[in-house]
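Biologist: Please take a close look at the salt bridges in this model. I would like to know which side chains pair, and where they sit.

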Amino acid sequence: MDRRAPVANTLESRFPVSYSIYAMARVQRALAATGLADLGLFPAQEILLTELDGDDGRSQKALAETMGISHVTVAKMTARLERAGLVARRTSSTDRRVSLVFLTPAGRSAQEGIRAVWAGLEAIVNRELDPQAKQDYLAGAAKIRRALDASGSGDAGE
C-alpha cells in the first residue's frame, strides 16, 4: 500500500489556509451527511432541530439569525422538516405575520441520534489533537471565522 502524502493541488499550493478550510468542511459535511441520512435528515437540518431542542417555539427569523442563513432557507428547511413530521409551525398569537417553529415528539426523539452523529464527528476530529493543539486550533479558527464574518456572510443553504 502506498502511504506517501498526497501531492498538493494548485489551489492548495497557492492558498493553503483557504484550501484547508474547504477540504476539512467538505469531508466533515460528507461524514455528517452519511450519519444524518440514517436519521432521515440532510446536513444543517440537525442544527435547526438542535436549536429548537434548546429553545422551542422560535420564529423562523430568529432561527435564521442563529444559524447564519437566510430566512428563505430556514422556511424551506422548516417546510421539509414539517413534512417529515419533525416540526410543526404555528402562527404567533401576538403577531400573525410570524411563524413559530416547534419540535414534534418525533423531532424531540431525533435528538439522541443527532447527538450521536456529532459525538462521532467530534471523536474523529479530536483523534490527532492533544489538548494544546485543540486549544490552538479553536483560537485560530475563531480568528478565521471573525475575518470571514466581517467580509460578509453567505448562506450555506440546506
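Modeller: What follows goes through the salt bridges one by one, then turns to the strands. The model is predicted. A search of the whole structure gives seven salt bridges.

Start with Asp56 and Arg108. Their side chains meet in a salt bridge, with N to O at 3.0 Å. Asp56 lies in the loop between α3 (45-54) and β1 (58-59), while Arg108 belongs to helix α6 (residues 105-109), so this pair ties together parts that are 52 residues apart in sequence. How accessible are the two partners? Asp56 has a relative accessible area of 30%, so it counts as partly exposed. Arg108 is also partly exposed, at 39%.

This pair does not stand alone. Asp56 and Arg108 are linked with Asp53 and Arg115 in a network of salt bridges. The general background is simple. Side chains of opposite charge can pair when their charged atoms come close.

Now take Arg89 and Glu82. They form a salt bridge, and their closest N and O atoms are 2.9 Å apart. Arg89 is partly exposed, with a relative accessible area of 30%. Glu82 is partly exposed too, at 29%.

Next come Arg97 and Asp95. Their side chains meet in a salt bridge of 3.0 Å, N to O. Here the two partners fall into separate classes. Arg97 has a relative accessible area of 76%, and the exposed class begins over 50%, so Arg97 is exposed. Asp95 is at 23%; buried means under 20%, so Asp95 counts as partly exposed.

The strands give the setting. Strand β2 covers residues 87-91 and pairs with β3 in the antiparallel sense, over five bridges. One position shows the register: Ala88 stands opposite Phe102 in β3. Strand β3 spans residues 99-103 and also runs antiparallel to β1, joined to β1 by two bridges. In that pairing, Arg58 has Val101 of β3 as its bridge partner. Strand β3 therefore has pairings with both β1 and β2, since two strands pair if at least two bridges are found between them. As for side chains, a general rule applies. In a regular strand they alternate between the two faces of the sheet.

Back to the loop, to close. Asp56 sits just ahead of β1 in the loop that follows α3, and its partner Arg108 is in α6. Both belong to the network that also holds Asp53 and Arg115.

Technical notes:
Residues numbered from 1 in each chain as written. Predicted model: local features only at pLDDT ≥ 70, side-chain atom pairs only at ≥ 80, totals over all residues. Heavy atoms only, no water. Salt bridge = Lys/Arg side-chain N within 4 Å of Asp/Glu carboxyl O. Helix = DSSP H or I, 4+ residues; strand = E, 2+ residues; numbered from the N terminus. Buried < 20%, exposed > 50% of the residue type's maximum accessible area, 1.4 Å probe, protein only.
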